[in-house]
Amino acid sequence: MPPPSEISNRSELGHVMSTPDDPIVIDTQGDLLLDVHYSKDLIQYYRVSVSVLRKQSLYFHNLLSTNFSEGIKVDSRLATLRNCQKDIACVPPSALPTATISDIGIGPAGAQINVCEGSFVLLLEVLHGCLQWSIVKTKGYVRPIILAMLAHYAEAFAAIPAVSKEIHALSEKGCIRGNARPTKDVKEDKSRQKIYAGLILDLPEWVQTHSAALIIWGSKSWVGETERSNGVETEGYPWDYLSGGVE
């Protein structure tokens with residue numbers, strides 16, 4: 001596989017606009033054009049590998065299986081292309097089979113859409129083995145919201161084992177400090193994001209450390225429903241109200 005610098009034409013977290021003719025390249029040998037709708041105003045295209053997605057993600061394994069019409073169409077199109085072109089890398093992106101994913105933005109409408117986009121690209125990079133953490137580091141570390149969104153996508157696309165393995169390895173190397181003890185002036189959202197990521201990716205130290213911080217300093221969410229939203233149901237992020245009895 002080529003080095004990461006040759007695989008991705010992405011230069012920052014999110015906001016690299018793409019088209020079917022000029023997609024964001026996750027795999028230069030990719031044989032699928034993934035059409036991802038983050039919102040009604042943002043659609044991105046990624047060149048990815050069918051075999052990698054099927055292997056690493058149960059979601060994609062099912063979506064692209066021959067039990068579904070989408071998988072049948074993908075396999076049929078690939079068979080036609082391979083009859084005409086032995087090297088799939090030479091096939092123009094817009095000629096590749098396409099799979100579509102809709103409405104994968106997270107949180108309040110329009111909020112942090114660039115982080116949603118960047119985190120989904122990280123998921124694709126993890127699955128393809130070409131992760132580029134240097135792109136997403138801010139002041140030498142990875143923002144907690146990115147870890148939380150990556151964990152969310154890992155769960156949503158049934159790819160937790162692959163992502164958990166990657167995060168465990170980076171955490172052991174000190175590249176990610178999810179269990180760094182927070183101080184009182186650290187925003188609660190950051191602790192919640194690390195708890196959320198820790199629960200999904202099986203990182204108990206993250207959960208213990210940041211749960212202790214919430215217990216000691218309290219939480220803005222631990223108030224009556226009426227006081228929190230004036231009786232109106234509000235849309236938030238998945239870590240705003242941690243499930244499974246964690247709160």
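A residue is called buried when its relative accessible area is under 20%, exposed when over 50%, and partly exposed in between. The structure shown in these views is a predicted model.

**View 1. Arg54 pairs with Asp75.** These two side chains form a salt bridge, with the closest N and O atoms 2.9 Å apart. Asp75 belongs to helix H4 and Arg54 to helix H2 (residues 50–56), so the salt bridge ties together parts 21 residues apart in sequence. Arg54 has 24% relative accessibility and therefore counts as partly exposed. Asp75, at 28%, also counts as partly exposed.

**View 2. Arg82 forms a salt bridge with Asp31.** The closest N and O atoms of the pair are 3.1 Å apart. Arg82 sits in helix H4 (residues 69–84), while Asp31 is in the loop between strand S1 (24–25) and strand S2 (32–39), and the two are 51 residues apart. Arg82 is partly exposed at 43% relative accessibility, whereas Asp31 is buried at 8%.

**View 3. Glu188 and Arg192 form a salt bridge within helix H9.** Their closest N and O atoms are 2.6 Å apart. Both residues lie in H9 (residues 188–201), four residues apart, or about one turn of the helix. Arg192 is buried, with 1% relative accessibility, and Glu188 is buried at 16%.

**View 4. Helix H7 covers residues 144–156.** Its 13 residues should span 18 Å at 1.5 Å a residue, and the end C-alpha atoms are indeed 18 Å apart. Ten of the 13 residues are buried, so H7 is largely enclosed by the rest of the structure. Among the buried residues are Pro144, Leu147, Met149 and Tyr153. After H7 comes Ala158, which has a positive phi near 50 degrees.

Notes:
Residues numbered from 1 in each chain as written. Predicted model: local features only at pLDDT ≥ 70, side-chain atom pairs only at ≥ 80, totals over all residues. Heavy atoms only, no water. Expected span 1.5 Å × (residues − 1). Buried < 20%, exposed > 50% of the residue type's maximum accessible area, 1.4 Å probe, protein only. Salt bridge = Lys/Arg side-chain N within 4 Å of Asp/Glu carboxyl O.
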